[in-house]
Amino acid sequence: MNFEGFLAQLAAMALALVVAPLLVGWVNMCRAWLQNRRAPPLLQQFRTLHKLFWKESVVASDATPMFRAAPYVVFGCMLLASMIVPTLSTNLPLAPAADAIALVGLFALARLFISLAAMDIGTAFGTLGARREMLVGFLAEPAFLMVLFTASLISNSTSLANIVTTLAHREFTILPSLALAGVAFTMVSLAENARVPVDNPATHLELTMIHEALVLEYSARHLALMEWAAALKLFAYSCAGLALFFPWGVAQANDRGALLLALPALLVKLAAGGFALALIETVTAKMRIFRVPEFLATAFLLGVLALLVHLLLGA
Amino acid sequence: MTTPLLTIDGVLVVIAAWFCIGVAGIGALRNLRVVAHVLFPASALLSAVLAGLALPAVAGTPEVALLAIGLPGLPFHLRLDALSAFFLLLLGVASAGVSIFAAGYFRRGEGTPPGLMCLEYHVFLAAMAMVVSWEMMALSSYFLVTTNHRLPEIQRAGYLYLLVAHIGAIAILLCFGVLQANTGDYTFANMRAQNLSPFWASAAFLLALFGFGAKAGVLPLHVWLPEAHPAAPSPVSALMSGVMLKTAIYGMLRVTFDLCSSTIWWWGVVALAVGLVTALFGVVFAAAQVDMKRLLAYSSIENIGLIVVALGLAIIFEAYGMRSLAALALTALLYHCLNHALFKSLLFLGTGSVLHATHERSLGKLGGLMRFMPWVAWTALVGVIAAAGLPPSNGFASEWLLLQGFLFTGGLPNPYLKMLVPVFAAGVVLVAALAGYVMVKFFGVIFLGRPREERLEKAEDAGRLERLGLVWLTAGCILLGLFPVAVIEVIDPIPFALVGRGLAQSGKVGDWLMLAPVSAERASYSAPLVFLLIAAIVMLTFLLVRRFYHGRIRRAAPWDCGYPFQTARMQDTAEGFGQPIRQIFEPFFRMHRELPSPADEAPRYRVTVEDPLWGWIYVRIARATEAASRTVGMLQRGRISIYLLYSFVTLVALLFLTQA
């Protein structure tokens, strides 16, 4: 690993840590505007995190060490995941450590820990949240993998950096396989990031919540890490989506001039994506939990269809 | 023999020593102390020796030995090549952990006396080492399954197991009969030399898939597995699931790639389809189980399914001459065999400890054991992560290789196959994701939450020898996960021997840090880096939070949205956790529900989930057999005159035939 690569990797990490809460703040702002409410400031997420870190953590009396370790592990998985997705440049020395399949694996590892931690206290809500999270996971994960497989087959590689390079250099045509994969990806990322129509990040209504039920027992620094990890997950998913479907603007290896342009390009793309997310959340109603499997199965089938279309039409 | 010390002699000595230990067990029939503190640890040591002998033999030259036992004029031909050495290695590594665990496991006054148990256990080990003695394996494991032979459901399980094992054995004998092609010489060397027509080769392959599939629990011959594995004592379940199923995989590999001179592409499609259906069925049923050992048994069916899928992929690649890719699929297959042997043994041993501590197998009456049995819980957590196939565990490494294999199918010349294979890939990732669901259920319901019964709070952790066994297998899982390239280098001679190409041999597997099976541009994965990075981030975050903020903590009652009255019975039960799967995959199950009405004085809720294949296949076969025997029974009239008429008619018919 040369010095420049090291710097690039460090910059990617710092970017993820800073931009992820900003992105959540931005989505909240947009949603407030769309719903005719006064918006919280953009930096609200940082204030909340800071406040939470200062508080004293209250842990249930019969929690095992696993309950306290889980936020750190989940945070570690999500930070690593956001570090290997190409954001500014494809020149990431750590990217070969985990390809597209391993990226999905990292998300799954975080899901396992967060679900087990939710079951640890032994409350009715915790186990309910764990069960629903695993329900969403077992359908969303294969669907996401199908999307990634389609992109991998187009670029003959499962390495994320190579996928971005190939996709950015093809001429601009809408490939039918990528279009199908894009729809599948949008559905999956709504479900995976606990967004409307699958989950509602703003609710504490017990019957509907998934993510909130998982972190119900957490407080103070543990909750802060969980929330930061959730923000990182949204960031990683958004960047993966941008890398797959809008790869233009990401600097290729050894292209320093493009690096200057990459940051504004990424921020603009993320802002647009965040607005779109807020729009989707505003205009759709939340589904009943029993409809979620159908929603995700549709995403999965679309993913398989994308793969088939690519193999049959070669496009 | 020319060279004085061959590996195969060492292997035979180990096997003979196992027999001796078994016989010594008879000598100390009811002396638990001798059996537990001398015989089983000695046997574990022998397992480790076997693993040590087999490891270099995988890369060594094939060795042959003749044993002048058995029928006169028909000596045992034994051959130790890369493939058999690998499976001996697997047996040695897994059984070393299981035997040392068993030393601390068997207690006084449970079913069969310990000495007899010891004999059966070691005959089983020895029989698995000499896969030739298929029947002995079935018989010894039958007696092990029926250790607690006074319970009727265990007798039933044992009977079913023996029945399916024998049907499988018949198919295997027929398969070898086809392979020797009327030459009357049943040595493998002769079978290898035969050049069968595609029809007979296909017949041999299908017979092998059926016969070995019966032993491995491939659909629809899986019915014995969820009955027999839970019935046996836990160390035996560990060996059956971890090792015995793999001997069947060994048989499939031997017949397909070694004994048949060439492979045909549609064999691969058959194996892919059978494997995928098996895997999906296994994992969906595992999610619906409420007995922890049955859950693991169904999860074994799932893993065997994945292994058969890898076999199918390897056959397809081999049939089209894409040898590097066939080697990739075979490597994934063998790697997964090794992984499954370790993590499934580990999990079964964990259930054994739980069983001893709580006398409870039903998930609905367990819970919260992590606080009382930390050793078992933390080792089981490693097993669970591996079984769920998550990075950086060993289960992920082999699934990653398998998925890489699927991504190369775009190069296949057959357009229909090209279309079919991605569908299989989708099925495989669905199975892998469902495995995560199953494992969260398994671990969460047993070890996490609050104890569902009061007496669980008195549960004691595993004893010293049991811990040693658990830690041995856990360490194996971790090492296999962190150093995939080293594992692939060990496995490598086998694909080289079977399809003429190896991954590491062509220098395309990466260095110790980075696994890159085809080329670094194509795909790469580094387990050590992923592990180190996550660990580094965790440590750094922990230190930074302490440095800039604080680490204060207060213990209080759980929050739970402020509801004050909560009991341990309000947690999700095993049925509850499996409910979404039961609902989504409803056509898979045959369910009986008993719902209480609102006016019930003593409401009861009961749901039983049954295997629909019982009704679809087995019950029908049984009825057809009964009907056929009834029809034949019509001939029996019990009157001499009618029997004389039969003789007369037969005579006339025969005369007529000879005339014509």
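**Exercise 1.** In which helix of chain B is B:Ile491 found, and does B:Ile491 count as buried or exposed?

*Solution.* The model is a predicted one, and the first step is to place the residue: B:Ile491 is found in helix 18 of chain B, which covers residues 484–491. The second step is to count its surroundings, and here B:Ile491 has 27 C-beta neighbours inside 10 Å. A residue is buried if 20 or more other C-beta atoms lie within 10 Å of its own, and B:Ile491 therefore counts as buried. The third step is to ask which residues supply contacts, leaving aside neighbours within four places in sequence: these are B:Phe86, B:Thr331, B:Leu334 and B:Tyr335. A further distance shows how the chain returns to this place, since the C-alpha atoms of B:Ile491 and B:Leu83 are separated by 8.9 Å although the two residues are 408 residues apart along the chain.

**Exercise 2.** Find which residues of helix 18 of chain B are buried, and state what covers them.

*Solution.* Begin with the list, which consists of B:Pro484, B:Val485, B:Val487, B:Ile488 and B:Ile491. Next, consider their directions around the axis: they cover an arc of only 160°, and so they lie on the same side of helix 18 of chain B. Finally, look at the cover over these buried residues, which includes helix 3 (82–105), helix 13, helix 15 (394–407), helix 17 (464–482), helix 19 (493–499) and helix 20 (527–548) of chain B.

**Exercise 3.** Describe how helix 13 and helix 14 of chain B cross, and which residues make the contact.

*Solution.* Two packed helices are described by the angle between their axes and the distance between the axes. For helix 13 (residues 323–358) and helix 14 (residues 374–387) of chain B, the axes come within 9 Å and cross at roughly 145°, and the crossing is left-handed. On the side of helix 13 of chain B, the contact is made by B:Asn339, B:Phe343, B:Leu346, B:Leu347, B:Gly350, B:Ser353 and B:Val354, while helix 14 of chain B contributes B:Val376, B:Thr379, B:Ala380, B:Gly383, B:Ala386 and B:Ala387. Sorted by character, the residues of this contact are eight nonpolar, five polar and no charged.

**Exercise 4.** How many helices and strands are there in chain A, and how does its radius of gyration compare with the globule rule?

*Solution.* Chain A has 11 helices and one strand, and from the N terminus on the order is α-α-β-α-α-α-α-α-α-α-α-α. Its radius of gyration is 19 Å, close to the 20 Å that the globule rule gives for 315 residues, so chain A is as compact as a globular protein of that length. Of these 315 residues, 59% count as buried.

Definitions and conventions. Residues numbered from 1 in each chain as written. Chains lettered and ligands numbered in written order. Predicted model: local features only at pLDDT ≥ 70, side-chain atom pairs only at ≥ 80, totals over all residues. Axes fitted to C-alpha atoms, helices over the stretch in contact; angles between N-to-C directions. Helix = DSSP H or I, 4+ residues; strand = E, 2+ residues; numbered from the N terminus. Left-handed = near helix turned anticlockwise from the far one by under 90°. Contact = placed C-beta atoms within 7 Å. Nonpolar A, V, L, I, M, F, W, Y, C, P; charged D, E, K, R; others polar. Buried ≥ 20, exposed ≤ 12 C-beta atoms within 10 Å, placed from the backbone. Rg over C-alpha atoms; globule rule 2.2 N^0.38 Å. Arc of directions from axis to C-beta.
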